[in-house]
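Grab a pencil and open the viewer. Here is a short set of exercises, each with a worked solution.

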Amino acid sequence: MQRKMSVLLAMFAPYRTVQMQIAALSAFLKSRGCRVRYLENIIFTGDTFDKFKEQMREEIRSNRPDLVGFSSYDMNYSFIVDAAVFIKELSPRTKIIVGGHHASLASEDYMECPAIDYVCLGEGESVLSDLMDALESGEDVSSRQIKGLCLKAADGQPVCLKPRELTENLDLLPVIDRSIVDRQQREIDYLPVLVGKGCHFNCTYCANSNMKNLYPNHHKYVRYRSPKKIIDEIKECRKAYTFGSVYFYDDIFAFDYEWLKRFGSLYTKEFPDLPFHCLLRPEIATNEKVLTLLRDSGCRSISMGVESGSEKFRKLLLGRKMSNEVILKAASLIRKQKMDLCIYMMVGLPDESLLDMLKSLWLNFRIGPKGVQTGIYFPIKNTPLYRYCLDRRLINEEKRKRLFVYTYDTCLNYGLFKRGLIIVFKWLNSAVPLVRSFQINLLGQYIRIQYRKVFKKTIDYK
Ligand code: B12
Ligand code: SF4
C-alpha cells in the first residue's frame, strides 16, 4: 500500500488570526488522503528567523514531512526564504513550495532561492493535487508539465508554466478545515466565513488588480458559493464553537443582488439571532435596496474602504473613482438603516501632501464612523502603485523588508518631518470616532484596541 504523503503547511503571520488559505488547503489535501500539519509563527518588528529555528527543527525532525508549503504575503518574504534554507539543510529530501499572493505576483523572488523547489501561481488546490500525484509516483515533476507551477530545470534555471484556470464552481472545493486552525478560532468570538472569491475593481494598491490577470478565465474572477453550502458550514461551526457574530471576510460581500436575496432569506430563517458583519464598496452602499436587504438578512455592521479624502488623488492615484458625495451618502444610508459603519483609511501614500492628509481627516470626520482602521501605505510588489513608487525611487527596500504590519511606519523614502506627519495622521484618523463623540467610554475602547494591536498582536474588529 502506498504511504500517505505528509504535508506541513507553514505561515509567518503578523498576528494570530484564522488563516483561511491554510484551512482551505488543508481541507483539500486531507480530502485526497494526505496527512497535514500546520505550523504558525507570529512575527514582530525586530524578529528574525532565528527566533523560530528550534520550533521548526522540532517539527521537521519529529514529523518528517514530504512537502512543506509556505503561504506568502509581501511582509513574510525573508522569513520564508530563511526557513526554506534551514529545512533543506536539515532534511534535503523534503520538497518546499511557496504559494499565496506574493509568490504569485513575484515568483522570481522565491525561485532564486536554491532551497525552494516550487512556486505556485494563483489558487493552490489543483496545483498541489497534481504535484502530490507526481511526488507520490516518484516521477520527475518537470515531466508532468503542471500548469501553475514554477520549478527548477535540470540546469537549475527557473521554469514557470502558465497559470491554470481558476476554479469556477467553488462548491466543488471542500469546506475549509477549521480543525487545523482550531486554537485560533477558539480565541475569537466571531466566525470568519468566505462566501466567495474575487473582486471586480482594480484599485492600484491592491493585489487583486494583478491577481485576476493571472488566470486565463479571469472574467470569472468573482465567484460565489451556493447559499445552502454556506449555511451548512455555519451550522456545523455552531456545534463546535461559541461565537456571537459572523464576519464575512470577502472583499465585497453584496455584489450580486439575486444571490444576496437567496442567501439572506436562508440566513434569517436559520440564524435569526446571529448578526453578521461584511465589507462593501461605497458605490454599492448607496443602493437603499441592497442596504435594506442586508439589514433584513441580519447584517448589523459594515466596513467600507475610503482610503483618502482627496477625490482627485483617490481617482488618479488609487484608481477609486467614487466621489466624496457617494461616500457620504453611503455613510448616511448605512446609519439610517441602524447599522454600524467602520472605515479603512490610508496615510503615507506616494505624493500625498499635507493638504491631502487634512482632506482625509476632514472626510473621515464628516462620515462619522464607529470605527476607523488606518493603515500606512505599504507597496505590494508588482501592483500598479508599487511600480509607480519604484519608478520614482520612493521605496526604501531595507525598511520595506523590516515592516511586518501595515500600521506602524512607512517604507517610502520620506524625511523625518513627513514620516512624523504620517504617523501623527495615522493616529488622528483612528481617533476620529472618539473625538467626534467626546464619549469617555469610547476612550477606553480606543485604548483597548491600540493596546491589543501593539502588545497582544491581535486585530480587534469591534
Ligand atoms: C480575508 C483577508 C484577510 C483577513 C484574514 C486573513 C487570512 N489569511 O485568512 C484579515 C483581515 C485578518 C487579513 C489580514 C491581512 N491581510 Co488580508 N486579505 C484577505 C482577503 C480579502 C482574502 C484572503 C482569503 O482568505 N482568501 C481565501 C483563500 C482560500 O484564498 P487565498 O488567500 O487566495 O489562497 C489561495 C492562493 O493564494 C493559494 N495559496 C495561498 N497560500 C498558499 C500556500 C501554498 C503552499 C500553496 C501551494 C498555495 C497557496 O491557494 C489558496 C487556495 O486557493 C485578501 C484579498 C483577496 N481577495 O484575496 C487580502 C490579502 C490577502 N491581505 C493582504 C494583506 C497585506 C494582509 C495583511 C498583511 C494586512 C496588515 N494588517 O498588515 C494582514 C496579514 C494577516 C495574515 N494573513 O496573517 C493582501 C496580501 C498582498 C500581499 N502580496 O502581501 C491581500 C491580497 C489584500 C491586498 N491588500 O491586496 N486579510
Ligand atoms: S475594491 Fe477592495 S478588494 Fe477590490 S480592488 Fe479595490 S481594494 Fe482591492
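The exercises below deal with a predicted model, and they go from domains to ligands to cores.

**Exercise 1. Find the domains and work out how they meet.**

Step 1: start with the bounds. The domain assignment splits off domain 1 (6–160) and domain 2 (189–430).

Step 2: get the spacing. Taken over C-alpha atoms, the centres of domain 1 and domain 2 are 28 Å apart.

Step 3: list the contacts, counting C-beta atoms within 7 Å. You should end up with 16 residues of domain 1 touching 17 residues of domain 2. On the domain 1 side, α4 gives the most, with four residues. Sort that side by class and you get nine nonpolar, six polar and one charged.

**Exercise 2. Describe the shell around ligand 1, and say which domains it draws on.**

Step 1: pick out the neighbours. Ligand 1 has 34 residues around it, and the closest are Met20, Gly69, Gly99, Gly124 and Ala207.

Step 2: map them to elements. Those giving two or more residues are α1 (20–31), β3 (67–72), β4 (95–100), α4 (101–105) and α6 (125–137). The largest share is that of α1, with four residues.

Step 3: check the domains. Domain 1 (6–160) and domain 2 (189–430) each supply at least three residues to this shell.

Step 4: sort by class. The tally is 19 nonpolar, eleven polar and four charged.

**Exercise 3. Now do the shell around ligand 2.**

Step 1: read off the residues. Ligand 2 sits among Cys199, Phe201, Asn202, Cys203, Cys206, Asn208, Ser209, Asp251, Arg281 and Gly305.

Step 2: sort them. Four are nonpolar, four polar and two charged. Gly305 goes in the polar pile, because Gly counts as polar here.

**Exercise 4. Which residues of the largest nonpolar core touch the most other members?**

Step 1: take the whole set. This core has 62 residues, and the best-connected ones are Cys278, Leu280, Ile302, Met304 and Ile334. Strand β14 (residues 340–347) contributes the most, with five residues.

Step 2: zoom in on Leu280. Skip its neighbours within four places in sequence, and its contacts are Ile252, Phe253, Ala254, Ala285, Ile302 and Met304. Two names here, Ile302 and Met304, also turn up in the list from step 1.

Step 3: look for a separate core. Another one lies apart, with 56 residues, including Leu39, Phe52, Ile80 and Val119.

Conventions. Residues numbered from 1 in each chain as written. Chains lettered and ligands numbered in written order. Predicted model: local features only at pLDDT ≥ 70, side-chain atom pairs only at ≥ 80, totals over all residues. Core = buried A, V, L, I, M, F, W, Y, C linked by C-beta atoms within 7 Å. Buried ≥ 20, exposed ≤ 12 C-beta atoms within 10 Å, placed from the backbone. Near = placed C-beta within 6 Å. Domains from an automatic or database assignment.
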